[in-house]
There are 2 protein chains.
Amino acid sequence: MAALDRSLISRLPLFQGLTPDEQGEILRDARSSRYAKETAIFAQEAEAHSFFVLIAGHIRVVRTTPDGQQVIVRYISEGEIFGVAAALGRTTYPASAVAAVDCVVLAWPNALWPELARRFPAFGATTYRTVGSRLQETQTRVVEMSTEQVEQRVANALLRLANQTGRKTDSGIEIDFPISRQDIAEMTGTTLHTVSRLLSKWEEKGIIVSGRQKVTVKDAHRLVVLAENRDKG
Amino acid sequence: MAALDRSLISRLPLFQGLTPDEQGEILRDARSSRYAKETAIFAQEAEAHSFFVLIAGHIRVVRTTPDGQQVIVRYISEGEIFGVAAALGRTTYPASAVAAVDCVVLAWPNALWPELARRFPAFGATTYRTVGSRLQETQTRVVEMSTEQVEQRVANALLRLANQTGRKTDSGIEIDFPISRQDIAEMTGTTLHTVSRLLSKWEEKGIIVSGRQKVTVKDAHRLVVLAENRDKG
DNA sequence: GGGACAATTTGCGCTGGCGCAAACTCAAGA
DNA sequence: TCTTGAGTTTGCGCCAGCGCAAATTGTCCC
(Lines give C-alpha, C1' and ligand atoms only; values in the text may rest on other atoms or scores of the structure.)
Protein backbone atom coordinates (compact mmCIF):
# COMPACT_ATOMS: atom_id res chain seq x y z
CA MET A 1 0.00 0.00 0.00
CA ALA A 2 2.79 2.37 0.88
CA ALA A 3 3.78 2.55 -2.74
CA LEU A 4 0.39 3.83 -3.84
CA ASP A 5 -0.58 7.44 -3.96
CA ARG A 6 -2.82 7.93 -0.94
CA SER A 7 -4.07 11.34 -1.98
CA LEU A 8 -5.22 9.89 -5.28
CA ILE A 9 -7.09 7.11 -3.56
CA SER A 10 -8.74 9.30 -0.97
CA ARG A 11 -10.21 11.38 -3.75
CA LEU A 12 -12.19 8.43 -5.13
CA PRO A 13 -15.97 8.77 -4.90
CA LEU A 14 -15.99 5.48 -3.04
CA PHE A 15 -14.24 7.08 -0.08
CA GLN A 16 -16.25 10.24 0.09
CA GLY A 17 -17.90 10.84 3.42
CA LEU A 18 -15.08 9.10 5.26
CA THR A 19 -12.40 10.75 7.39
CA PRO A 20 -8.76 10.21 6.43
CA ASP A 21 -8.45 7.95 9.48
CA GLU A 22 -11.35 5.80 8.39
CA GLN A 23 -9.97 5.65 4.87
CA GLY A 24 -6.67 4.49 6.27
CA GLU A 25 -8.38 1.81 8.27
CA ILE A 26 -10.18 0.48 5.23
CA LEU A 27 -7.10 0.64 3.06
CA ARG A 28 -5.04 -1.22 5.66
CA ASP A 29 -6.89 -4.40 4.80
CA ALA A 30 -6.48 -4.03 1.06
CA ARG A 31 -3.90 -5.77 -1.03
CA SER A 32 -2.78 -4.15 -4.25
CA SER A 33 -1.83 -6.03 -7.37
CA ARG A 34 -0.98 -5.48 -11.00
CA TYR A 35 -2.55 -7.28 -13.92
CA ALA A 36 -0.96 -7.30 -17.34
CA LYS A 37 -3.06 -6.45 -20.38
CA GLU A 38 -5.50 -9.23 -21.30
CA THR A 39 -5.08 -11.19 -18.07
CA ALA A 40 -8.06 -12.15 -15.90
CA ILE A 41 -8.72 -10.61 -12.48
CA PHE A 42 -11.39 -13.21 -11.83
CA ALA A 43 -13.29 -15.77 -13.88
CA GLN A 44 -16.99 -16.33 -14.37
CA GLU A 45 -18.38 -19.04 -12.07
CA ALA A 46 -15.24 -18.99 -9.93
CA GLU A 47 -15.60 -18.94 -6.16
CA ALA A 48 -15.76 -15.27 -5.16
CA HIS A 49 -13.00 -14.55 -2.67
CA SER A 50 -12.51 -10.79 -2.98
CA PHE A 51 -13.98 -7.53 -4.09
CA PHE A 52 -11.95 -4.88 -5.89
CA VAL A 53 -11.35 -1.27 -6.72
CA LEU A 54 -9.66 -0.32 -9.95
CA ILE A 55 -6.85 2.15 -9.27
CA ALA A 56 -5.40 2.43 -12.76
CA GLY A 57 -6.34 1.00 -16.13
CA HIS A 58 -9.53 -0.28 -17.75
CA ILE A 59 -11.32 -3.54 -17.16
CA ARG A 60 -13.70 -5.47 -19.38
CA VAL A 61 -16.47 -7.45 -17.67
CA VAL A 62 -17.46 -10.37 -19.89
CA ARG A 63 -20.08 -13.10 -19.83
CA THR A 64 -19.46 -16.22 -21.86
CA THR A 65 -22.34 -18.42 -23.04
CA PRO A 66 -22.26 -22.22 -22.83
CA ASP A 67 -21.38 -22.31 -26.53
CA GLY A 68 -18.52 -19.87 -26.18
CA GLN A 69 -20.03 -16.62 -27.39
CA GLN A 70 -18.93 -13.60 -25.41
CA VAL A 71 -20.90 -10.56 -24.35
CA ILE A 72 -19.27 -7.51 -22.79
CA VAL A 73 -21.38 -6.59 -19.78
CA ARG A 74 -19.58 -3.31 -19.08
CA TYR A 75 -16.25 -1.56 -18.82
CA ILE A 76 -14.86 -0.57 -15.43
CA SER A 77 -13.02 2.74 -15.22
CA GLU A 78 -10.52 4.04 -12.69
CA GLY A 79 -11.93 4.47 -9.22
CA GLU A 80 -14.82 2.07 -9.64
CA ILE A 81 -15.57 -0.83 -7.34
CA PHE A 82 -16.20 -4.20 -8.99
CA GLY A 83 -16.57 -7.89 -8.24
CA VAL A 84 -18.93 -7.06 -5.36
CA ALA A 85 -20.48 -10.52 -5.25
CA ALA A 86 -20.06 -10.55 -1.47
CA ALA A 87 -22.16 -7.44 -0.91
CA LEU A 88 -24.96 -9.08 -2.87
CA GLY A 89 -24.80 -12.43 -1.16
CA ARG A 90 -23.41 -14.34 -4.11
CA THR A 91 -20.74 -16.97 -3.73
CA THR A 92 -19.45 -17.00 -7.31
CA TYR A 93 -18.70 -14.26 -9.83
CA PRO A 94 -21.40 -14.00 -12.47
CA ALA A 95 -18.93 -12.80 -15.11
CA SER A 96 -15.21 -12.59 -15.83
CA ALA A 97 -13.09 -9.47 -15.42
CA VAL A 98 -10.22 -8.97 -17.84
CA ALA A 99 -7.65 -6.17 -17.90
CA ALA A 100 -8.11 -4.23 -21.15
CA VAL A 101 -4.74 -2.58 -20.49
CA ASP A 102 -2.17 -3.03 -17.72
CA CYS A 103 -4.05 -2.42 -14.48
CA VAL A 104 -3.50 -1.70 -10.81
CA VAL A 105 -6.17 -3.04 -8.49
CA LEU A 106 -6.93 -3.05 -4.77
CA ALA A 107 -8.50 -6.20 -3.38
CA TRP A 108 -10.25 -6.98 -0.09
CA PRO A 109 -11.16 -10.47 1.09
CA ASN A 110 -14.91 -10.97 0.96
CA ALA A 111 -14.93 -11.99 4.60
CA LEU A 112 -14.24 -8.36 5.47
CA TRP A 113 -17.30 -6.98 3.70
CA PRO A 114 -19.83 -7.34 6.54
CA GLU A 115 -17.58 -5.65 9.03
CA LEU A 116 -16.54 -2.85 6.68
CA ALA A 117 -20.15 -2.20 5.72
CA ARG A 118 -21.19 -2.13 9.35
CA ARG A 119 -18.42 0.09 10.63
CA PHE A 120 -18.41 2.47 7.67
CA PRO A 121 -21.99 2.95 6.53
CA ALA A 122 -20.96 5.54 3.95
CA PHE A 123 -18.75 2.94 2.33
CA GLY A 124 -21.62 0.49 2.08
CA ALA A 125 -24.05 3.13 0.89
CA THR A 126 -21.74 4.23 -1.91
CA THR A 127 -21.30 0.66 -3.02
CA TYR A 128 -25.03 0.02 -3.09
CA ARG A 129 -25.57 3.23 -4.98
CA THR A 130 -23.15 1.92 -7.58
CA VAL A 131 -24.99 -1.39 -7.73
CA GLY A 132 -28.23 0.50 -8.16
CA SER A 133 -27.01 2.47 -11.11
CA ARG A 134 -25.57 -0.65 -12.70
CA LEU A 135 -28.89 -2.42 -12.37
CA GLN A 136 -30.54 0.54 -14.01
CA GLU A 137 -27.94 0.70 -16.79
CA THR A 138 -28.34 -2.99 -17.46
CA GLN A 139 -32.09 -2.59 -17.70
CA THR A 140 -31.58 0.28 -20.09
CA ARG A 141 -29.51 -2.03 -22.18
CA VAL A 142 -32.28 -4.62 -22.28
CA VAL A 143 -34.65 -1.90 -23.42
CA GLU A 144 -32.21 -0.82 -26.12
CA MET A 145 -31.70 -4.36 -27.32
CA SER A 146 -35.48 -4.77 -27.49
CA THR A 147 -36.42 -1.58 -29.23
CA GLU A 148 -33.49 -0.17 -31.17
CA GLN A 149 -31.78 -1.04 -34.43
CA VAL A 150 -28.15 -1.99 -34.59
CA GLU A 151 -27.06 1.43 -35.84
CA GLN A 152 -28.61 3.19 -32.89
CA ARG A 153 -27.16 0.73 -30.41
CA VAL A 154 -23.64 1.13 -31.77
CA ALA A 155 -23.99 4.91 -31.75
CA ASN A 156 -25.16 4.77 -28.13
CA ALA A 157 -22.31 2.50 -27.14
CA LEU A 158 -19.72 4.85 -28.65
CA LEU A 159 -21.30 7.85 -26.95
CA ARG A 160 -21.21 6.08 -23.60
CA LEU A 161 -17.60 5.07 -24.06
CA ALA A 162 -16.70 8.60 -25.08
CA ASN A 163 -18.40 10.05 -22.02
CA GLN A 164 -17.07 7.57 -19.51
CA THR A 165 -13.56 6.98 -20.72
CA GLY A 166 -13.06 9.56 -23.42
CA ARG A 167 -9.90 11.62 -23.56
CA LYS A 168 -10.08 14.98 -25.33
CA THR A 169 -7.58 15.33 -28.14
CA ASP A 170 -7.36 18.03 -30.78
CA SER A 171 -9.15 15.80 -33.29
CA GLY A 172 -12.03 14.86 -30.97
CA ILE A 173 -12.81 12.59 -28.03
CA GLU A 174 -10.70 9.47 -28.13
CA ILE A 175 -11.59 6.29 -26.29
CA ASP A 176 -8.49 5.86 -24.21
CA PHE A 177 -8.01 2.11 -24.29
CA PRO A 178 -7.67 -0.35 -27.17
CA ILE A 179 -11.09 -1.42 -28.40
CA SER A 180 -11.66 -3.61 -31.43
CA ARG A 181 -14.64 -3.89 -33.80
CA GLN A 182 -15.22 -7.26 -32.20
CA ASP A 183 -15.40 -5.65 -28.74
CA ILE A 184 -17.95 -3.12 -29.93
CA ALA A 185 -19.95 -5.93 -31.50
CA GLU A 186 -19.95 -7.81 -28.19
CA MET A 187 -21.23 -4.71 -26.42
CA THR A 188 -24.10 -4.16 -28.82
CA GLY A 189 -25.24 -7.62 -29.82
CA THR A 190 -24.11 -7.56 -33.42
CA THR A 191 -21.15 -8.79 -35.51
CA LEU A 192 -17.76 -7.22 -36.12
CA HIS A 193 -18.68 -7.02 -39.81
CA THR A 194 -21.69 -4.85 -39.18
CA VAL A 195 -19.74 -2.64 -36.77
CA SER A 196 -16.99 -2.24 -39.33
CA ARG A 197 -19.47 -1.21 -42.02
CA LEU A 198 -21.08 1.34 -39.69
CA LEU A 199 -17.78 2.85 -38.60
CA SER A 200 -16.65 3.10 -42.23
CA LYS A 201 -19.84 4.92 -43.11
CA TRP A 202 -19.49 7.30 -40.17
CA GLU A 203 -15.86 7.94 -40.97
CA GLU A 204 -16.81 8.91 -44.54
CA LYS A 205 -19.31 11.37 -43.11
CA GLY A 206 -16.69 12.83 -40.78
CA ILE A 207 -18.49 11.82 -37.59
CA ILE A 208 -15.61 9.72 -36.29
CA VAL A 209 -12.04 8.74 -37.07
CA SER A 210 -10.96 5.23 -36.35
CA GLY A 211 -8.01 2.93 -36.67
CA ARG A 212 -6.83 -0.35 -35.29
CA GLN A 213 -8.45 -0.81 -31.87
CA LYS A 214 -9.02 2.91 -31.76
CA VAL A 215 -12.01 5.17 -32.17
CA THR A 216 -12.20 8.96 -31.91
CA VAL A 217 -15.54 10.70 -31.86
CA LYS A 218 -15.29 13.95 -33.82
CA ASP A 219 -18.92 15.00 -33.95
CA ALA A 220 -20.76 13.74 -30.89
CA HIS A 221 -23.81 15.75 -31.79
CA ARG A 222 -24.44 13.93 -35.05
CA LEU A 223 -23.85 10.65 -33.26
CA VAL A 224 -26.60 11.59 -30.80
CA VAL A 225 -28.92 12.22 -33.71
CA LEU A 226 -28.14 8.76 -35.10
CA ALA A 227 -28.69 7.20 -31.68
CA GLU A 228 -32.09 8.82 -31.32
CA ASN A 229 -33.40 8.26 -34.82
CA ARG A 230 -36.76 6.58 -34.40
CA ASP A 231 -36.41 4.51 -37.55
CA LYS A 232 -34.33 5.07 -40.65
CA GLY A 233 -30.89 6.67 -40.51
CA MET B 1 -52.20 -4.62 9.33
CA ALA B 2 -54.48 -6.42 11.75
CA ALA B 3 -56.53 -7.72 8.87
CA LEU B 4 -53.58 -9.45 7.27
CA ASP B 5 -52.50 -12.96 8.00
CA ARG B 6 -49.41 -12.57 10.16
CA SER B 7 -48.39 -16.20 9.90
CA LEU B 8 -48.39 -15.93 6.14
CA ILE B 9 -46.25 -12.85 6.22
CA SER B 10 -43.75 -14.18 8.73
CA ARG B 11 -43.10 -17.11 6.41
CA LEU B 12 -41.83 -14.85 3.65
CA PRO B 13 -38.15 -15.30 2.74
CA LEU B 14 -37.73 -11.59 3.37
CA PHE B 15 -38.37 -12.09 7.09
CA GLN B 16 -36.26 -15.15 7.60
CA GLY B 17 -33.61 -14.75 10.24
CA LEU B 18 -35.79 -12.37 12.24
CA THR B 19 -37.57 -13.11 15.49
CA PRO B 20 -41.35 -12.71 15.61
CA ASP B 21 -40.82 -9.60 17.72
CA GLU B 22 -38.52 -8.06 15.17
CA GLN B 23 -40.94 -8.94 12.40
CA GLY B 24 -43.70 -7.25 14.34
CA GLU B 25 -41.59 -4.16 14.77
CA ILE B 26 -40.90 -3.95 11.06
CA LEU B 27 -44.49 -4.62 10.13
CA ARG B 28 -45.73 -1.95 12.50
CA ASP B 29 -44.41 0.72 10.16
CA ALA B 30 -45.96 -0.80 7.05
CA ARG B 31 -49.14 0.30 5.42
CA SER B 32 -51.13 -2.20 3.43
CA SER B 33 -53.12 -1.33 0.33
CA ARG B 34 -55.01 -2.95 -2.49
CA TYR B 35 -54.53 -2.25 -6.15
CA ALA B 36 -57.09 -3.22 -8.73
CA LYS B 37 -56.01 -5.09 -11.85
CA GLU B 38 -54.13 -2.88 -14.33
CA THR B 39 -53.63 0.02 -11.92
CA ALA B 40 -50.18 1.46 -11.21
CA ILE B 41 -48.41 1.05 -7.87
CA PHE B 42 -45.80 3.57 -8.95
CA ALA B 43 -44.78 5.25 -12.18
CA GLN B 44 -41.44 5.42 -13.97
CA GLU B 45 -39.54 8.64 -13.19
CA ALA B 46 -41.85 9.44 -10.28
CA GLU B 47 -40.33 10.56 -6.98
CA ALA B 48 -39.69 7.40 -4.98
CA HIS B 49 -41.50 7.66 -1.65
CA SER B 50 -41.86 4.01 -0.58
CA PHE B 51 -40.63 0.48 -1.02
CA PHE B 52 -42.98 -2.47 -1.17
CA VAL B 53 -43.63 -6.13 -0.57
CA LEU B 54 -46.19 -7.95 -2.65
CA ILE B 55 -48.51 -9.93 -0.38
CA ALA B 56 -50.95 -11.22 -2.97
CA GLY B 57 -51.19 -10.98 -6.74
CA HIS B 58 -48.75 -10.44 -9.58
CA ILE B 59 -47.03 -7.26 -10.66
CA ARG B 60 -45.57 -6.26 -13.99
CA VAL B 61 -42.51 -3.99 -13.97
CA VAL B 62 -42.43 -1.98 -17.18
CA ARG B 63 -40.06 0.49 -18.81
CA THR B 64 -41.43 2.84 -21.42
CA THR B 65 -39.19 4.38 -24.05
CA PRO B 66 -39.40 8.06 -25.07
CA ASP B 67 -41.40 7.02 -28.13
CA GLY B 68 -43.88 4.99 -26.14
CA GLN B 69 -42.66 1.44 -26.67
CA GLN B 70 -42.93 -0.75 -23.61
CA VAL B 71 -40.57 -3.40 -22.30
CA ILE B 72 -41.46 -5.71 -19.43
CA VAL B 73 -38.48 -5.73 -17.11
CA ARG B 74 -39.78 -8.53 -14.87
CA TYR B 75 -42.78 -9.91 -13.05
CA ILE B 76 -42.99 -9.72 -9.26
CA SER B 77 -44.51 -12.69 -7.44
CA GLU B 78 -46.00 -13.00 -4.00
CA GLY B 79 -43.55 -12.40 -1.18
CA GLU B 80 -41.07 -10.41 -3.23
CA ILE B 81 -39.80 -6.96 -2.33
CA PHE B 82 -39.90 -4.32 -5.06
CA GLY B 83 -39.49 -0.61 -5.66
CA VAL B 84 -36.33 -0.61 -3.55
CA ALA B 85 -35.00 2.62 -5.04
CA ALA B 86 -34.21 3.85 -1.53
CA ALA B 87 -31.87 0.98 -0.70
CA LEU B 88 -29.92 1.76 -3.85
CA GLY B 89 -29.70 5.49 -3.33
CA ARG B 90 -32.06 6.45 -6.14
CA THR B 91 -34.61 9.20 -5.79
CA THR B 92 -36.95 8.16 -8.60
CA TYR B 93 -38.30 4.81 -9.76
CA PRO B 94 -36.55 3.59 -12.91
CA ALA B 95 -39.66 1.75 -14.12
CA SER B 96 -43.40 1.52 -13.53
CA ALA B 97 -45.12 -1.20 -11.52
CA VAL B 98 -48.58 -2.28 -12.63
CA ALA B 99 -50.88 -4.80 -11.00
CA ALA B 100 -51.36 -7.70 -13.43
CA VAL B 101 -54.26 -8.88 -11.26
CA ASP B 102 -55.85 -7.45 -8.12
CA CYS B 103 -53.03 -7.11 -5.61
CA VAL B 104 -52.36 -6.59 -1.92
CA VAL B 105 -49.18 -4.74 -1.10
CA LEU B 106 -47.30 -3.59 1.99
CA ALA B 107 -45.53 -0.26 1.76
CA TRP B 108 -42.89 1.43 3.91
CA PRO B 109 -41.84 5.07 3.59
CA ASN B 110 -38.36 5.29 2.13
CA ALA B 111 -37.26 7.42 5.06
CA LEU B 112 -37.44 4.30 7.22
CA TRP B 113 -35.03 2.28 5.11
CA PRO B 114 -31.76 3.37 6.71
CA GLU B 115 -33.04 2.68 10.20
CA LEU B 116 -34.58 -0.67 9.31
CA ALA B 117 -31.44 -1.78 7.52
CA ARG B 118 -29.31 -0.73 10.47
CA ARG B 119 -31.43 -2.29 13.18
CA PHE B 120 -32.23 -5.49 11.30
CA PRO B 121 -29.18 -6.48 9.28
CA ALA B 122 -30.82 -9.70 8.12
CA PHE B 123 -33.56 -7.64 6.55
CA GLY B 124 -31.06 -5.54 4.64
CA ALA B 125 -28.99 -8.56 3.66
CA THR B 126 -31.99 -10.36 2.22
CA THR B 127 -32.94 -7.31 0.23
CA TYR B 128 -29.47 -6.91 -1.20
CA ARG B 129 -29.37 -10.58 -2.05
CA THR B 130 -32.55 -10.04 -4.04
CA VAL B 131 -31.03 -7.05 -5.79
CA GLY B 132 -27.99 -9.15 -6.60
CA SER B 133 -29.97 -11.89 -8.25
CA ARG B 134 -31.99 -9.35 -10.19
CA LEU B 135 -28.83 -7.74 -11.50
CA GLN B 136 -27.62 -11.14 -12.54
CA GLU B 137 -30.95 -12.04 -14.18
CA THR B 138 -30.98 -8.79 -16.06
CA GLN B 139 -27.46 -9.42 -17.32
CA THR B 140 -28.53 -12.87 -18.40
CA ARG B 141 -31.28 -11.25 -20.35
CA VAL B 142 -28.82 -8.96 -22.12
CA VAL B 143 -26.79 -12.02 -23.03
CA GLU B 144 -29.89 -13.78 -24.35
CA MET B 145 -30.93 -10.77 -26.38
CA SER B 146 -27.43 -10.62 -27.84
CA THR B 147 -26.91 -14.24 -28.70
CA GLU B 148 -30.22 -16.07 -29.08
CA GLN B 149 -32.90 -16.19 -31.74
CA VAL B 150 -36.45 -15.14 -31.04
CA GLU B 151 -37.70 -18.71 -30.73
CA GLN B 152 -35.21 -19.54 -28.00
CA ARG B 153 -35.94 -16.34 -26.12
CA VAL B 154 -39.68 -16.95 -26.11
CA ALA B 155 -39.14 -20.54 -25.00
CA ASN B 156 -36.92 -19.33 -22.17
CA ALA B 157 -39.44 -16.71 -21.12
CA LEU B 158 -42.23 -19.28 -20.92
CA LEU B 159 -40.06 -21.65 -18.94
CA ARG B 160 -39.19 -18.93 -16.47
CA LEU B 161 -42.81 -17.91 -16.06
CA ALA B 162 -43.81 -21.53 -15.59
CA ASN B 163 -41.15 -22.03 -12.93
CA GLN B 164 -41.75 -18.81 -11.06
CA THR B 165 -45.50 -18.45 -11.22
CA GLY B 166 -46.68 -21.74 -12.66
CA ARG B 167 -49.63 -23.56 -11.14
CA LYS B 168 -49.84 -27.27 -11.73
CA THR B 169 -53.07 -28.37 -13.36
CA ASP B 170 -53.98 -31.75 -14.77
CA SER B 171 -53.18 -30.54 -18.28
CA GLY B 172 -49.76 -29.09 -17.41
CA ILE B 173 -48.20 -26.04 -15.75
CA GLU B 174 -50.40 -23.00 -16.17
CA ILE B 175 -49.13 -19.46 -15.81
CA ASP B 176 -51.43 -18.22 -13.11
CA PHE B 177 -52.12 -14.68 -14.21
CA PRO B 178 -53.45 -13.24 -17.47
CA ILE B 179 -50.66 -12.79 -19.98
CA SER B 180 -51.18 -11.71 -23.58
CA ARG B 181 -49.11 -12.37 -26.69
CA GLN B 182 -48.22 -8.70 -26.53
CA ASP B 183 -46.89 -9.13 -22.97
CA ILE B 184 -44.71 -12.05 -24.03
CA ALA B 185 -43.46 -9.97 -26.95
CA GLU B 186 -42.52 -7.15 -24.58
CA MET B 187 -40.58 -9.60 -22.42
CA THR B 188 -38.59 -11.03 -25.30
CA GLY B 189 -37.99 -8.14 -27.65
CA THR B 190 -40.18 -9.25 -30.51
CA THR B 191 -43.70 -8.60 -31.83
CA LEU B 192 -47.03 -10.10 -30.83
CA HIS B 193 -47.32 -11.52 -34.34
CA THR B 194 -44.16 -13.55 -34.03
CA VAL B 195 -45.15 -14.77 -30.56
CA SER B 196 -48.53 -15.81 -31.88
CA ARG B 197 -46.95 -17.78 -34.72
CA LEU B 198 -44.59 -19.55 -32.34
CA LEU B 199 -47.30 -20.44 -29.85
CA SER B 200 -49.48 -21.77 -32.66
CA LYS B 201 -46.65 -23.95 -33.87
CA TRP B 202 -45.93 -25.24 -30.38
CA GLU B 203 -49.58 -25.92 -29.76
CA GLU B 204 -49.74 -28.03 -32.93
CA LYS B 205 -46.81 -30.03 -31.65
CA GLY B 206 -48.50 -30.52 -28.29
CA ILE B 207 -45.83 -28.63 -26.32
CA ILE B 208 -48.27 -26.08 -24.92
CA VAL B 209 -51.95 -25.22 -24.82
CA SER B 210 -52.93 -21.59 -24.95
CA GLY B 211 -55.92 -19.37 -25.05
CA ARG B 212 -56.79 -15.77 -24.50
CA GLN B 213 -54.22 -14.34 -22.05
CA LYS B 214 -53.45 -17.85 -20.94
CA VAL B 215 -50.62 -20.28 -21.55
CA THR B 216 -50.18 -23.79 -20.17
CA VAL B 217 -46.90 -25.61 -20.63
CA LYS B 218 -47.59 -29.29 -21.28
CA ASP B 219 -44.14 -30.52 -22.20
CA ALA B 220 -41.49 -28.45 -20.42
CA HIS B 221 -38.79 -30.80 -21.55
CA ARG B 222 -39.30 -30.16 -25.23
CA LEU B 223 -39.47 -26.45 -24.49
CA VAL B 224 -36.05 -26.70 -22.83
CA VAL B 225 -34.72 -28.35 -25.97
CA LEU B 226 -36.06 -25.48 -28.07
CA ALA B 227 -34.55 -22.94 -25.66
CA GLU B 228 -31.14 -24.55 -25.90
CA ASN B 229 -31.02 -25.17 -29.61
CA ARG B 230 -27.80 -23.60 -30.82
CA ASP B 231 -29.20 -22.64 -34.22
CA LYS B 232 -32.13 -24.02 -36.15
CA GLY B 233 -35.26 -25.35 -34.42
C1' DG C 1 -78.83 -13.32 -25.94
C1' DG C 2 -76.56 -10.25 -28.74
C1' DG C 3 -73.46 -6.45 -29.75
C1' DA C 4 -68.99 -4.57 -29.42
C1' DC C 5 -64.44 -4.69 -28.52
C1' DA C 6 -60.10 -6.75 -27.44
C1' DA C 7 -57.09 -10.46 -28.37
C1' DT C 8 -55.45 -13.59 -31.58
C1' DT C 9 -54.35 -15.73 -36.00
C1' DT C 10 -52.54 -15.85 -40.48
C1' DG C 11 -51.03 -14.45 -45.21
C1' DC C 12 -47.72 -11.81 -47.82
C1' DG C 13 -43.85 -9.07 -49.11
C1' DC C 14 -39.85 -6.84 -47.75
C1' DT C 15 -35.33 -5.81 -45.60
C1' DG C 16 -31.80 -5.24 -41.92
C1' DG C 17 -28.23 -7.45 -40.77
C1' DC C 18 -25.96 -11.99 -40.55
C1' DG C 19 -22.81 -15.65 -42.47
C1' DC C 20 -19.28 -16.73 -45.54
C1' DA C 21 -15.28 -15.67 -47.93
C1' DA C 22 -11.57 -13.17 -49.63
C1' DA C 23 -8.62 -9.24 -49.80
C1' DC C 24 -6.13 -5.89 -47.37
C1' DT C 25 -3.37 -3.37 -43.79
C1' DC C 26 -1.07 -2.37 -40.04
C1' DA C 27 2.24 -3.39 -35.89
C1' DA C 28 5.46 -5.95 -33.75
C1' DG C 29 8.99 -9.12 -33.63
C1' DA C 30 12.78 -11.80 -35.97
C1' DT D 1 13.95 -5.10 -43.65
C1' DC D 2 10.95 -8.85 -43.99
C1' DT D 3 7.59 -11.92 -42.09
C1' DT D 4 3.70 -13.02 -39.73
C1' DG D 5 -0.65 -12.75 -37.81
C1' DA D 6 -4.23 -10.21 -35.89
C1' DG D 7 -7.46 -6.78 -36.94
C1' DT D 8 -10.21 -4.76 -40.48
C1' DT D 9 -12.76 -3.98 -44.78
C1' DT D 10 -15.92 -5.23 -48.26
C1' DG D 11 -18.78 -7.98 -51.60
C1' DC D 12 -22.56 -11.14 -52.05
C1' DG D 13 -26.51 -13.98 -51.08
C1' DC D 14 -29.87 -15.26 -47.96
C1' DC D 15 -33.47 -15.53 -44.42
C1' DA D 16 -35.54 -14.67 -39.76
C1' DG D 17 -38.63 -11.91 -38.35
C1' DC D 18 -40.98 -7.43 -38.89
C1' DG D 19 -44.78 -4.48 -40.76
C1' DC D 20 -49.14 -4.24 -42.74
C1' DA D 21 -53.62 -5.82 -43.30
C1' DA D 22 -57.58 -8.55 -42.88
C1' DA D 23 -60.12 -12.26 -40.98
C1' DT D 24 -61.49 -14.70 -36.87
C1' DT D 25 -62.58 -15.78 -32.18
C1' DG D 26 -63.55 -15.26 -27.44
C1' DT D 27 -65.37 -12.25 -23.52
C1' DC D 28 -67.60 -8.95 -21.13
C1' DC D 29 -71.36 -5.98 -20.62
C1' DC D 30 -75.88 -4.29 -21.60
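This is a guided tour of a predicted model, moving from the two protein chains to the two DNA strands.

**The two chains**

Begin by selecting chain A and chain B, and colour them separately. A rotation of 180°, with 0.0 Å of shift along its axis, places chain B on chain A with an RMSD of 0.0 Å. The two copies are thus related as by a two-fold rotation axis. Both copies also use the same surface to meet each other, since 100% of the contact residues of chain B recur in chain A.

**The interface between the chains**

Next, select the residues where the chains touch, which are 32 residues from chain B and 32 residues from chain A. The area buried between chain B and chain A is about 3100 Å², and carbon and sulfur atoms give 65% of that area. Now show R63(B), L135(B) and Q139(B) as sticks; within chain B these residues lose the most area to chain A, and together they make up 17% of what that side buries.

Which elements of chain B should you highlight on the side that touches chain A? Select β5 (70–76) and α4 (121–147) of chain B, each of which supplies at least two residues of that side. The helix α4(B) gives the most to the side of chain B that touches chain A, with 17 residues. If you colour the side of chain B that touches chain A by residue type, you will find that it divides into 12 nonpolar, 12 polar and 8 charged residues. The count of salt bridges between chain B and chain A is 0, while 8 residue pairs are in polar contact across this interface.

**DNA strand C**

Move on to DNA strand C, which is surrounded by 18 residues, the closest being T190(A), T194(A), R212(A), S196(B) and R212(B). Of the atoms of DNA strand C that come within 4 Å of the protein, sugar and phosphate account for 50%.

Zoom in on T194(A), where a polar side-chain atom lies 2.3 Å from a phosphate oxygen of DNA strand C. At V150(A), a polar backbone atom is 2.9 Å from a phosphate oxygen of this strand, and on the other chain a polar backbone atom of Q213(B) is 2.9 Å from a phosphate oxygen of DNA strand C. Then select α7 (192–204) of chain A and α7 (192–204) of chain B, the elements that give two or more residues to the surface near DNA strand C. The largest share of this surface, 4 residues, comes from α7(B). By type, the residues of the surface near DNA strand C divide into 1 nonpolar, 11 polar and 6 charged.

**DNA strand D**

Finish with DNA strand D, which has 20 residues around it, the closest being S196(A), Q213(A), V150(B), T190(B) and T194(B). Sugar and phosphate account for 55% of the atoms of DNA strand D that come within 4 Å of the protein.

Show R181(A), whose side chain has a polar atom 2.9 Å from a phosphate oxygen of DNA strand D, and then V150(B), where a backbone N or O atom lies 2.9 Å from a phosphate oxygen of the strand. What does a polar side-chain atom of R212(B) approach on DNA strand D? It lies 2.9 Å from a base oxygen of DNA strand D.

Lastly, select α7 of chain A together with α7 of chain B, the elements that give two or more residues to the surface near DNA strand D. Here α7(A) provides the largest share of the surface, with 5 residues. The residues of the surface near DNA strand D divide into 2 nonpolar, 12 polar and 6 charged.

Note on methods. Residues are numbered from 1 along each chain as its sequence is written. Chains are lettered from A and ligands numbered from 1 in the order in which they are written. This is a predicted model: local features need pLDDT of at least 70, side-chain atom pairs count only at pLDDT 80 or more; totals for chains, interfaces and linings use all residues. Side-chain values use heavy atoms; hydrogens and water are left out. Contact means heavy atoms within 4.5 Å. Buried area is the accessible area (1.4 Å probe) that two parts lose on being put together, summed over both. A salt bridge is a side-chain nitrogen of Lys or Arg within 4 Å of a carboxyl oxygen of Asp or Glu. A polar contact is a pair of N or O atoms within 3.5 Å; within protein, one must be able to donate a hydrogen and the other to accept it, and residues adjacent in sequence count only if both atoms are side-chain atoms. Ala, Val, Leu, Ile, Met, Phe, Trp, Tyr, Cys and Pro count as nonpolar, Asp, Glu, Lys and Arg as charged, and the others, Gly among them, as polar. A residue is near a molecule or strand if one of its heavy atoms lies within 4 Å of it. Copies are superposed by least squares on the C-alpha atoms of residues with pLDDT of at least 70 in both.
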